[in-house]
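Colleague: I'm new to reading protein models, and I'd like a close look at one part of this one. Could you walk me through the salt bridges, slowly and in plain words?

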Amino acid sequence: MIALKELNYDDIGYLRENYPINLDLDMECPIFTYVFFDEENIVGYSQLQVVKNEIKLSDFQCDKRSENLRLFYLKATGLKAFNLGYQYILNENNIYPGMAERIILDELFKGNCNDSRA
């Protein structure tokens, strides 16, 4: 079973040891961190940051997985943004390579993500 969940206390030490994660608090531009699991193992994380009424993908780290699994985790992250009321995620600095600078969530969920590799 593959799952994505919000960061909890038990995950913090593992992430800090194994990934270049930034967990600093920024009240003006809050960051939401989500952890990727494959079975019981942490395989990565994503971070969404709210900046001036927009949400951007500020980090996306995933162990070497197939592109389909990476896309699954991106869709799960997109669903979190959608549930917060956003229609797109900014992909500035190409955090998720191959995607457009603005990932439209409706297109992401349909599977048509303006993927430059298609």
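Modeller: Here is a walk through the salt bridges, with a bit of the surroundings to help you find your way.

Before we zoom in, keep in mind that this is a predicted model. The protein chain has three helices and six strands. Read from the N terminus, those elements follow the order β-α-β-β-β-α-β-β-α. Of the 118 residues in the chain, 39% are buried.

Now to your topic. Side chains of opposite charge can pair up when their charged atoms come close. How many salt bridges does the count come to here? It comes to three. Let's take them one by one.

Start with arginine 102 and glutamate 54. Their closest N and O atoms are 3.7 Å apart, and the two form a salt bridge. Arginine 102 sits in strand 6, which covers residues 102–104, while glutamate 54 belongs to strand 4, residues 54–62, so this pair ties together parts that are 48 residues apart in sequence. Are these two residues buried or exposed? Neither label quite fits: arginine 102 has a relative accessible area of 40%, so it counts as partly exposed. Glutamate 54 is partly exposed as well, at 26%.

Strand 4 also takes part in the next pair, where lysine 56 forms a salt bridge with glutamate 92 and the closest N and O atoms are 3.8 Å apart. Lysine 56 is in strand 4, and glutamate 92 is in the loop between strand 5 (88–90) and strand 6, so once again distant parts of the chain are linked, this time 36 residues apart. Lysine 56 is partly exposed, with a relative accessible area of 22%. Its partner, glutamate 92, is partly exposed too, at 31%.

The remaining pair is glutamate 67 with arginine 70, whose side chains meet in a salt bridge at 3.8 Å, N to O. Where do these two lie? Both are in helix 2, three residues apart, which is about one turn of the helix. Glutamate 67 is partly exposed, with a relative accessibility of 34%. Why does arginine 70 count as buried? Its relative accessible area is 17%, and buried means under 20%, so arginine 70 falls on the buried side of that cut-off.

Arginine 70 deserves another moment. Helix 2, its home, runs over residues 67–83. Leaving aside residues up to four places away in sequence, arginine 70 touches Phe60, Cys62, Arg65, Tyr96 and Pro97. So if you click on this residue in the viewer, those are the names to look for around it.

Let's zoom back out. Contacts between residues 24 or more positions apart make up 51% of the contacts in the chain with a separation of 6 or more. As for the outside, the chain's accessible surface is about 7,200 Å², and carbon and sulfur atoms account for 48% of it.

To finish, here is a spot on the surface built from nonpolar side chains. Leu79, Phe82 and Phe109 form a nonpolar patch there, with about 250 Å² of accessible area together. One of them, phenylalanine 109, lies in helix 3, residues 105–110. Phenylalanine 109 is partly exposed, with a relative accessibility of 33%.

Key: Residues are numbered from 1 along each chain as its sequence is written. This is a predicted model: local features need pLDDT of at least 70, side-chain atom pairs count only at pLDDT 80 or more; totals for chains, interfaces and linings use all residues. Side-chain values use heavy atoms; hydrogens and water are left out. Helices (H or I, at least four residues) and strands (E, at least two) are DSSP runs, numbered from the N terminus. Contact means heavy atoms within 4.5 Å. A salt bridge is a side-chain nitrogen of Lys or Arg within 4 Å of a carboxyl oxygen of Asp or Glu. Buried means under 20% relative accessible area, exposed over 50%, partly exposed in between (1.4 Å probe, protein chains only). Accessible areas come from the Shrake-Rupley method with a 1.4 Å probe; for residues, only the protein chains shown count as cover. Patches are made of residues with over 30% relative accessible area and no salt bridge: like charges are joined within 9 Å, nonpolar side chains (Val, Leu, Ile, Met, Phe, Trp, Tyr) within 5 Å.
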